[in-house]
Amino acid sequence: MNARRTLATAKRVLLQLRHDPRTLLLIVGVPILLVTLLRYVFDDSPAIFQQFGPIVLGLFPFTVMFIVTSITTLRERTSGTLERLLAMPAGKLDLLLGYAIAFGVMAVIQALAVSAVALGPLDLNIEGSVVSLVAAATLDGLLGMALGLFVSAFARTEFQAVQFMPAVVLPQYLLCGLFIDRDQMAPLLRDVSDWLPLSYSVDMIERVARDTAITSELTGDFLIVLAFGVGALVLGAAPLRRRSA
Amino acid sequence: MKTKRTTPAVSIKDLGIVRSGKPVLSDFSAEIPKGKVVGLIGPSGSGKTTLMRAIVGVQRIKRGTVTVYGRPAGNAWLRRRVGYMAQTLSVYADLTARENLDYFSAMMGARASETKALIADLELEDCADRLVQNLSGGQQARVSLGVALLGAPKLLVLDEPTVELDPVLRRKLWQRFRRLARAGTTLFVSSHAMEEAEHCDHLFLLRGGRLLASDRPAALRRRTGSLTIGEAFLKLVGGNS
């Protein structure tokens with residue numbers, strides 16, 4: 001690993017995004033729009049917004065970063081730039097960490113913007129600190145990034161890459177405890193949900209919303225989500241081979 | 001009397017490559033001498049790109065060896081000394097020419113000042129700050145070539161570098177290749193345009209994954225009694241089939 005190459009990669013990814021203001025606007029604007037909609041759809045029952053608002057705040061970065069990363073990586077593969085980089089002294093870790101830094105920055109910006117709107121004008125209340133909320137949302141973004149990187153290895157075209165979103169992300173939505181408490185699920189589904197990262201990320205955000213203090217359970221959730229993210233990154237690195245057929 | 005033979009820049013022995021079940025190169029052996037411009041000529045589908053990828057070290061090979069400057073192709077030492085320009089553009093279309101060169105220069109470990117020199121050298125000053133996707137085909141090709149030139153590589157592997165270029169630029173590019181070779185760089189350049197072959201010191205004629213001939217352009221013409229390399233190629237193909 002090499003700090004210069006890692007930072008150069010992070011800077012390059014951010015420059016690409018800067019040249020694409022529409023994507024930037026979508027990354028930040030769409031979550032704000034959706035969380036605002038959520039607030040007014042449940043205008044008559046504010047308790048529902050108070051319950052689901054924080055969870056949704058964690059789902060946005062996860063979903064958006066998943067899509068952005070899987071498409072970016074696929075493009076890198078099909079345009080020949082990945083092969084060119086791997087024919088250079090650059091290591092896989094330089095690329096992966098560079099990606100993680102760049103998308104991490106994006107996740108922080110997104111989390112800050114959505115949290116500001118949700119906690120401000122939309123009157124969402126959380127017991128925990130704003131820092132914990134933003135940290136949790138950012139970690140969710142990084143988890144989405146790592147999973148997106150991993151699944152992009154299985155996509156040959158952008159069509160396929162986009163279809164991986166419903167395939168990988170939507171089942172986790174259903175099983176993560178968003179629609180029904182995980183304890184009330186059928187035992188089999190409950191067991192499956194124990195193995196899905198989004199279950200822990202929802203748990204984590206719910207704790208931030210509920211508890212004032214940073215409990216050991218919260219730290220535990222944070223570490224589990226982090227471990228899933230690192231695991232997906234390692235799996236995502238495996239298909240980045242220098243030699244291909 | 002024995003003349004001391006210098007070791008070649010690239011030495012390929014009994015190379016065999018299979019892609020999706022089909023042999024692309026079989027029993028391929030050849031040497032590329034140092035400091036020369038060696039052309040790889042052959043129709044599309046003859047295995048030119050696969051051979052170049054094997055030399056760069058990004059191609060999975062089935063048997064045989066590819067040695068570059070005494071080391072196995074693609075090893076860490078070589079990765080900072082071999083410049084590769086693939087047929088696909090292989091630069092970021094959503095970055096400017098300068099940003100591309102800056103980024104790849106950092107990845108290559110090249111000096112930051114090189115970007116500026118290359119932009120001037122490749123006559124990209126007027127479009128250096130425009131996004132690559134908005135440049136003409138010839139400008140895009142020069143950005144990609146610029147990336148391959150970063151870090152002053154000892155060996156340049158260029159896959160159809162002149163394909164998008166007009167005759168004036170094409171001529172300039174071959175002059176540049178000549179200057180680089182004079183300065184000691186080894187160049188391995190593929191083309192499917194037979195008339196470009198005359199610019200090379202040495203030619204590999206490739207057909208169906210086999211080396212049809214390996215010789216100097218003049219010798220090839222003389223041997224086959226042809227006026228052009230294109231004619232020589234056709235005669236060699238006729239004699240082989």
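This text walks through the cores, domains, salt bridges and backbone of a predicted model.

Local features are reported only at pLDDT of at least 70 and side-chain atom pairs only at pLDDT 80 or more, while totals for chains, interfaces and linings use all residues. Residues are numbered from 1 along each chain as its sequence is written, chains are lettered from A and ligands numbered from 1 in the order in which they are written, and side-chain values use heavy atoms, without hydrogens and water.

Start inside. A nonpolar core here is a set of buried Ala, Val, Leu, Ile, Met, Phe, Trp, Tyr and Cys residues joined through side-chain atoms within 4.5 Å. Buried means under 20% relative accessible area, exposed over 50%, and partly exposed in between (1.4 Å probe, protein chains only). The largest core has 114 residues. Those with the most contacts inside it are A:Val35, A:Phe103, B:Phe104, B:Met107, B:Leu158, B:Leu187 and B:Leu205. Helix H3 (residues 46-78) of chain A gives the most to this core, with 11 residues. Helices (H or I, at least four residues) and strands (E, at least two) are DSSP runs, numbered from the N terminus.

In chain B, domain 1 (1-81 + 156-241) and domain 2 (93-152) both give residues to this core, so the core lies between them. The domain bounds come from an automatic or database domain assignment. The C-alpha centres of these two domains of chain B lie 25 Å apart. Their contact takes 12 residues from domain 1 of chain B and 11 residues from domain 2 of chain B. Contact means heavy atoms within 4.5 Å.

Look next at A:Phe103. Beyond its neighbours within four places in sequence, A:Phe103 is in contact with A:Val13, A:Leu17, A:Met65, A:Val68, A:Thr69, A:Thr72 and A:Met145. Another core lies apart from the largest one. This other core has 31 residues, among them B:Ile12, B:Ile32, B:Tyr84 and B:Ala86.

Now the surface. A:Leu26, A:Val30, A:Leu33, A:Leu34, A:Leu37 and A:Val41 make a nonpolar patch of about 540 Å². Patches are made of residues with over 30% relative accessible area and no salt bridge; like charges are joined within 9 Å, nonpolar side chains (Val, Leu, Ile, Met, Phe, Trp, Tyr) within 5 Å. Areas come from the Shrake-Rupley method with a 1.4 Å probe, and for residues only the protein chains shown count as cover. A:Val41 sits in helix H2 (residues 21-41) of chain A. Its relative accessible area is 60%, so A:Val41 is exposed.

Two charged residues of chain B are buried. B:Glu196 lies in the loop between strand S8 (186-191) and strand S9 (202-207) of chain B. Its relative accessibility is 3%. B:Glu196 touches B:Thr162, B:Arg170, B:Trp174 and B:Ser191, leaving out residues up to four places away in sequence. B:Arg176, in helix H6 (residues 167-182) of chain B, is buried at 11% relative accessibility. With the same sequence neighbours left out, B:Arg176 touches B:Asp121, B:Leu122 and B:Leu149. The C-alpha atoms of B:Arg176 and B:Leu122 are separated by 9.7 Å, yet the two are 54 residues apart along the chain.Salt bridges come next. The whole structure has 21 over all chains, each a side-chain nitrogen of Lys or Arg within 4 Å of a carboxyl oxygen of Asp or Glu. B:Glu160 pairs with B:Lys48, the closest N and O atoms being 3.9 Å apart. B:Glu160 lies in the loop between strand S7 (155-159) and H6 of chain B and B:Lys48 in helix H1 (residues 48-56) of chain B, so this pair ties together parts that are 112 residues apart in sequence. Both B:Glu160 and B:Lys48 are buried.

Other bridges sit within one helix. A:Arg207 and A:Asp203 meet at 3.2 Å, N to O. Both lie in helix H9 (residues 197-210) of chain A, 4 residues apart, about one turn of the helix. B:Lys235 and B:Glu231 form a salt bridge at 3.4 Å between the closest N and O atoms. B:Lys235 is partly exposed at 38% relative accessibility, and B:Glu231 is partly exposed at 30%. In chain A, a network of salt bridges links A:Arg182, A:Asp183, A:Arg190 and A:Asp194.

Finish with the backbone. Most residues other than glycine have a negative phi. B:Ser90 has a positive phi, near 55°. B:Ser90 lies in the loop between strand S6 (82-85) and helix H3 (97-108) of chain B and is buried at 2% relative accessibility. B:Glu123 also has a positive phi, of about 55°. B:Glu123 is in the loop between helix H4 (113-121) and helix H5 (137-149) of chain B and is partly exposed at 43% relative accessibility.
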